[in-house]
Amino acid sequence: MADDVLTNTLADVPGFRVGHAQRVGDGALTGVTVVLAPEGGAVAGVDVRGGGPGTRETDALDPRNLVQRVDAIVLTGGSAFGLDAAGGVVAWLEERGRGFRVGAEPGQVVPVVPSAALFDLGRGGDWHARPDAALGREAVEAAAAAEEGASVPQGNVGAGTGAVAGGLKGGVGSASVRLASGVTVGALVAVNAVGSAVDPATGELYAARFGQPGEFPDLRAEPSASPQDPGLNTTLAVVVTDTTLTKAQAHKLAGTAHDGLARALRPVHLLSDGDTVFALASGARPLPVPEGDAAFAVHVEAAALNELYAAAADAVTRAIGHAVLAAESVGEFRSFRDMCANKPNCG
């Protein structure tokens, strides 16, 4: 990928790939998204703030614990049932000798695949239509086959297939930013929130207020177009960067990225949400810390990290805006574009 060509998606971060797989029709409306790290894995962190999370292997990411790097993150529909999708990703990684080494032989690995699920049960009509290991394998295979630097598909794909946000159709969205230092940050979000992405007073996407120049169209939905969904939900996000971070710094990156959810969705982090953010750092380039007084080094490093953390939160906000804009109406769940008032500009 050329340095001057950006897709404004997570794929702009070198080495990372995204794959989606979904089931639609015959009662199914659900899917899986896999973020595949470069060979050798990535340092990872996580921050869970929703009151009803469904997760797997998040404890392994605690900075106090043994595993340092992971090879993939799974976002899945199907609530707790959908966590079965991670099994297909684990099997795929093991077949390639990728994972946490536990024996003398190259193939003696245990792939650690942190995963989180959102609630979309029954939205296609069949309560029992949910992701499984086969769909997880399909998603990781799609990620492996993706051309590096190719734009990430958004909208009604992967974990966003059955997603709903405040009564409107949700979905998958992505965004990226390249800092002046050359460090790249990317975010991918599966938007499935109890709260709304739309200001009820103006019909404007909250996220549009934080976009880069010309990034978001000037659209307004009808004020009545964002009813609250009383059901169970959960918004899931993955933030990635090509710089070098410790597990503790990656954990902080995931926590700060939650600010992006709070800007773009209101309310957020409720008992009926399981909002979870993962962070991955490939370590392909050093953290850009200029040389200076050794006694002041901790503050110099903090300044570099602060820039990274702020950029990640912004990318999450913008990714949520792209998810809602890319979503397409399904059944009773109408999309933001279909509900926007100035129809000639909806495109």
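The following exercises, each with a worked solution, concern selected residues of a predicted model.

**Exercise 1.** Determine where Ser-174 lies and whether Ser-174 is buried or exposed.

*Solution.*
1. Ser-174 belongs to strand β12, which covers residues 171–178.
2. The relative accessible area of Ser-174 is 0%. Buried means under 20%, so Ser-174 is classed as buried.
3. A polar atom of the Ser-174 side chain is 2.7 Å from the backbone nitrogen of Leu-10. The cut-off for a polar contact is 3.5 Å.
4. With neighbours within four places in sequence set aside, the residues in contact with Ser-174 include Asn-8, Thr-9 and Leu-10. Ala-187, Leu-188, Ala-319 and His-322 are also among them.

**Exercise 2.** State where Asp-71 is found and which backbone nitrogen lies 3.5 Å from a polar atom of its side chain.

*Solution.*
1. Asp-71 occupies the loop between β5 (69–70) and β6 (72–76).
2. The relative accessible area here is 8%; Asp-71 is therefore buried, given the limit of under 20%.
3. The backbone nitrogen in question is that of Gly-99, 3.5 Å from a polar atom of the Asp-71 side chain.
4. Gly-99 also appears among the contacts of Asp-71 beyond four places in sequence, as do Val-35, Leu-36, Leu-93, Arg-98 and Val-112.

**Exercise 3.** Describe the setting of Ala-129 and give its distance in space from Ser-115.

*Solution.*
1. Ala-129 is located in the loop between β9 (115–117) and α2 (133–145).
2. Ala-129 is buried, its relative accessible area being 16%.
3. Ala-129 and Ser-115 are separated by 14 residues in sequence, and their C-alpha atoms are 19 Å apart.
4. Apart from neighbours within four places in sequence, Ala-129 is in contact with Gly-27, Ala-28 and Thr-30.

**Exercise 4.** Establish how many aromatic pairs are counted, and how the rings of Phe-119 and Trp-127 are arranged.

*Solution.*
1. The count is one aromatic pair.
2. This pair consists of Phe-119 and Trp-127, with ring centres 6.2 Å apart.
3. The planes form an angle of 65 degrees. Angles over 60 degrees count as edge-to-face, so that is the arrangement of this pair.
4. Phe-119 is buried at 16% relative accessible area, whereas Trp-127 is partly exposed at 43%.

**Exercise 5.** Identify which ring lies beneath the charged end of Arg-130 and which lies beneath Arg-266.

*Solution.*
1. The charged end of Arg-130 sits over the ring of Phe-81, 3.7 Å from the centre of that ring.
2. Arg-266 lies over the face of Tyr-206, at 4.5 Å from the ring centre.

Methods:
Residues numbered from 1 in each chain as written. Predicted model: local features only at pLDDT ≥ 70, side-chain atom pairs only at ≥ 80, totals over all residues. Heavy atoms only, no water. Helix = DSSP H or I, 4+ residues; strand = E, 2+ residues; numbered from the N terminus. Buried < 20%, exposed > 50% of the residue type's maximum accessible area, 1.4 Å probe, protein only. Polar contact = N/O pair within 3.5 Å; in protein donor to acceptor, adjacent residues only side chain to side chain. Contact = heavy atoms within 4.5 Å. Phe/Tyr/Trp six-rings, centres within 6.5 Å; stacked < 30°, edge-to-face > 60°. Lys NZ or Arg CZ within 6 Å of the ring centre and 35° of its normal.
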